[in-house]
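This report covers a ligand shell, two annotated positions and a nonpolar core. The sequence and structure come first.

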Amino acid sequence: MEKKRVEVAVGVIEKNQKIFVCLRSKDQHQGGLWEFPGGKVEAEEDVFSALKRELKEEIGIDIHSSTELMRIEHDYPDKAVCLHIHIVTEFAGEAHGAEGQPSQWVAISNLHELDFPAANKAIVERLQAAQKE
Ligand SMILES: Nc1nc2c([nH]c(=O)n2[C@@H]2O[C@H](COP(=O)(O)OP(=O)(O)OP(=O)(O)O)[C@@H](O)[C@H]2O)c(=O)[nH]1
Ligand SMILES: [Mg+2]
C-alpha cells in the first residue's frame with residue numbers, strides 16, 4: 001500500500017558553532033535517537049508556522065525567522081517523511097527540553113557521533129561541510 005508522506009518541519013538552532021538537539025522518547029517513531037526539534041505540518045499550516053508552533057511547544061523558544069537549508073524525502077519501513085529543514089536565524093528565549101526530554105548543545109564537528117534517524121545523515125553532512133568552507 002502506498003504510504004502517505006508526512007510533512008515535517010525541522011529546526012536547526014545554532015549558537016557558537018553548536019546545535020541544539022533533543023532525545024526522542026522510546027515510544028515515538030525512531031525513538032531513543034537524537035533529533036533536531038520539530039514536528040508534523042498540520043493541514044492548514046505552512047512550514048514556518050508549524051516550526052514556530054513546534055519549537056515553542058518542544059523547546060520553549062519563540063522564533064522570528066528561518067531559512068530553508070534542505071528538504072529530505074526518506075522512506076522508513078513503516079513511514080514516509082518529507083523533512084523541511086530550516087536554519088533558525090532569529091529567536092528569543094533559552095532552548096530547553098520543554099516536554100521533559102533530554103537535550104544538549106553539541107559542537108557541529110561532533111554531530112556525527114550522535115545516533116540520529118537515518119534521514120538525518122544528509123543534514124549532519126551538510127552542516128559539517130558548511131563549517132569547513
Ligand atoms: N522532529 C524531528 N523528526 C524527525 C527527524 N528526523 C526524522 O526522520 N524525523 C521523523 O519525522 C517524523 C515527525 O516528527 P515528530 O515525531 O517530531 O512529529 P510531532 O512532533 O508532530 O510528534 P507526535 O506525533 O509525537 O506528536 C517522525 O516520523 C520522525 O521519526 C528530526 O531530526 N526531527
Ligand atoms: Mg516533534
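Which of the 19 residues around ligand 1 come nearest? They are Gln 30, Glu 35, Gly 39, Lys 40 and Pro 117. The model is predicted, with ipTM 0.95 and pTM 0.95. The mean pLDDT of the protein is 96, and 98% of its residues reach 70 or more. Where pLDDT is low, the coordinates should not be read in detail.

**Ligand shell**

By residue class, the shell around ligand 1 divides into nine nonpolar, six polar and four charged residues. Among the elements, β1, β4 and β6 each supply at least two residues of this shell.

**Annotated positions**

An unreviewed UniProt entry places the feature "binding site" at Gly 38 and Glu 58. The two are spread over 21 residues of sequence, yet they cluster in space, with a largest C-alpha distance of 7.5 Å. The table sets them side by side.

| Residue | Element | Other C-beta atoms within 10 Å |
|---|---|---|
| Gly 38 | strand β4 (residues 38-40) | Gly 38: 24 C-beta atoms within 10 Å |
| Glu 58 | helix α1 (residues 47-59) | Glu 58: 21 C-beta atoms within 10 Å |

The cut-off for a buried residue is 20 or more other C-beta atoms within 10 Å. Gly 38 is therefore buried, because it has 24 such atoms around it. Glu 58 counts as buried because it has 21 C-beta neighbours inside 10 Å.

Leaving aside neighbours within four places in sequence, Gly 38 is in contact with Val 8, Ala 9, Val 10, Gly 11, Leu 51 and Glu 54. Of these contacts, Val 8, Ala 9, Val 10 and Gly 11 belong to β1 (5-15), while Leu 51 and Glu 54 belong to helix α1 (residues 47-59). With neighbours within four places again left out, Glu 58 is in contact with Cys 22, Pro 37, Ala 98 and Glu 99. Cys 22 lies in β2 (18-23).

**Nonpolar core**

The largest nonpolar core has 25 residues, and Val 12 and Ile 19 touch the most other members. Two or more residues each come from β1 (5-15), β2 (18-23), α1, β6 (79-92) and α2 (121-132). The most come from β1, which gives five residues.

Beyond its neighbours within four places in sequence, Val 12 is in contact with Ile 19, Phe 36, Leu 69, Ile 85, His 86, Ile 87, Val 88 and Leu 127. In this list, Ile 85, His 86, Ile 87 and Val 88 fall in β6 (79-92), and Leu 127 falls in α2 (121-132).

Terms used: Residues numbered from 1 in each chain as written. Chains lettered and ligands numbered in written order. Predicted model: local features only at pLDDT ≥ 70, side-chain atom pairs only at ≥ 80, totals over all residues. UniProt positions renumbered as here; feature names shortened; annotations may be inferred. Helix = DSSP H or I, 4+ residues; strand = E, 2+ residues; numbered from the N terminus. Buried ≥ 20, exposed ≤ 12 C-beta atoms within 10 Å, placed from the backbone. Contact = placed C-beta atoms within 7 Å. pLDDT = per-residue confidence, 0-100. Core = buried A, V, L, I, M, F, W, Y, C linked by C-beta atoms within 7 Å. Near = placed C-beta within 6 Å. Nonpolar A, V, L, I, M, F, W, Y, C, P; charged D, E, K, R; others polar.
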